[in-house]
Amino acid sequence: QVHVVESGGGLVQPGGSLRLSCAASESLVEISDMGWYRQVPGKQRELVASITSGGRTNYADSVKGRFTISGASARDNAMNTAYLQMKSLKPEDTAVYYCKVSLATEVDYWGQGTQVTVSS
């Protein structure tokens, strides 16, 4: 069992910045990729950004140029942490942000979500 722990959400004014962190509790598993998703009430959860263990990144068009995803390793270059740096935040970025950890065995684990609110 892998526990996914997110942190870094909060309230920020439009144009501000936040950094989200996601850590997988188990460092002995092989993680193939990690991703950040977001969801607002009444809508489907959508991909924001993802990163593979090899460092390949992917972004939703709505966040390109404003958000940056990066990974970090606890041991032997095995990624187990992902960060999402968010800049130039807009009210439409308001959502619950979830981290997904995907293992090489094609098993996914989700975090509990962290609220990001962009409002003046």
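Buried means under 20% relative accessible area and exposed means over 50%, with partly exposed for the values in between. The exercises below apply these cut-offs to a predicted model.

**Exercise 1. Classify Glu106 and Ser88 as buried, partly exposed or exposed, and state what is notable about the phi of each.**

Step 1. Glu106 is placed in the loop between S9 and strand S10 (108-110). Its relative accessible area is 74%, and because exposed means over 50%, Glu106 counts as exposed.

Step 2. Ser88 belongs to another loop, the one between S8 and S9. With a relative accessible area of 42%, Ser88 is partly exposed.

Step 3. For the backbone, the background is that most residues other than glycine have a negative phi. Glu106, although not a glycine, has a positive phi of about 65 degrees, and Ser88, also a residue other than glycine, has a positive phi near 50 degrees.

**Exercise 2. Describe the overall fold of the chain in terms of secondary structure, dimensions and burial.**

Step 1. The secondary structure amounts to 0 helices and 11 strands, so that the pattern along the sequence is β-β-β-β-β-β-β-β-β-β-β.

Step 2. For a chain of 120 residues, a compact globule would have a radius of gyration near 14 Å, and the value of 14 Å found for this chain agrees with that expectation. Taken along the principal axes, the C-alpha atoms fill a box of roughly 45 × 25 × 20 Å.

Step 3. Of the 120 residues in the chain, 40% are buried. The accessible surface comes to about 6500 Å², and carbon and sulfur atoms account for 45% of that surface.

Step 4. Among contacts with a separation of 6 or more, 54% are between residues 24 or more positions apart.

**Exercise 3. Which residues are joined into one network by salt bridges that share partners, and where in the chain do Arg38, Arg66 and Asp93 lie?**

Step 1. The structure holds 5 salt bridges. One of them brings together the side chains of Arg38 and Asp93, with an N to O distance of 3.0 Å. This pair links distant parts of the chain, since Arg38 lies in strand S4 (residues 31-39) and Asp93 in the loop between strand S8 (78-86) and strand S9 (95-103), 55 residues apart.

Step 2. Asp93 also takes part in a salt bridge with Arg66, where the closest N and O atoms are 2.8 Å apart. Here too distant parts of the chain are linked: Arg66 is in the loop between strand S6 (57-59) and strand S7 (67-75), and it is 27 residues apart from Asp93.

Step 3. Salt bridges that share partners join Arg38, Glu46, Arg66 and Asp93 into one network. Arg38 is buried, with a relative accessible area of 6%, Asp93 is buried at 1%, and Arg66 is likewise buried.

Step 4. A further salt bridge is formed by the side chains of Lys64 and Asp61, at 3.1 Å from N to O. Asp61 is exposed, with a relative accessible area of 66%.

**Exercise 4. Glu6 is buried yet has no salt bridge; which backbone nitrogens does its side chain reach?**

Step 1. Glu6 lies in strand S1 (residues 4-7). The nearest side chain of opposite charge is that of Arg45, 7.4 Å away, and because a salt bridge requires the nitrogen to be within 4 Å of the carboxyl oxygen, this pair does not count as one.

Step 2. The side chain of Glu6 reaches the backbone nitrogen of Gln112 at 3.1 Å and the backbone nitrogen of Gly113 at 2.5 Å.

Step 3. Beyond its neighbours within four places in sequence, Glu6 is in contact with ten residues' worth of surroundings that include Ser21, Cys22, Trp36, Tyr98, Cys99 and Thr114.**Exercise 5. Is Thr81 buried or exposed, and what surrounds it?**

Step 1. Thr81 is found in strand S8, and at 14% relative accessibility it counts as buried, because the value is under 20%.

Step 2. The side chain of Thr81 makes a polar contact with the side chain of Asn80, at 3.3 Å.

Step 3. When neighbours within four places in sequence are left aside, the residues in contact with Thr81 are Cys22, Ala23, Met34, Ser70, Gly71 and Ala72. Cys22 is also among the residues in contact with Glu6.

Key: Residues numbered from 1 in each chain as written. Predicted model: local features only at pLDDT ≥ 70, side-chain atom pairs only at ≥ 80, totals over all residues. Heavy atoms only, no water. Helix = DSSP H or I, 4+ residues; strand = E, 2+ residues; numbered from the N terminus. Buried < 20%, exposed > 50% of the residue type's maximum accessible area, 1.4 Å probe, protein only. Lys, Arg positive; Asp, Glu negative; His and termini not counted. Polar contact = N/O pair within 3.5 Å; in protein donor to acceptor, adjacent residues only side chain to side chain. Contact = heavy atoms within 4.5 Å. Rg over C-alpha atoms; globule rule 2.2 N^0.38 Å. Areas by Shrake-Rupley, 256 points an atom, 1.4 Å probe, with all protein chains shown as cover.
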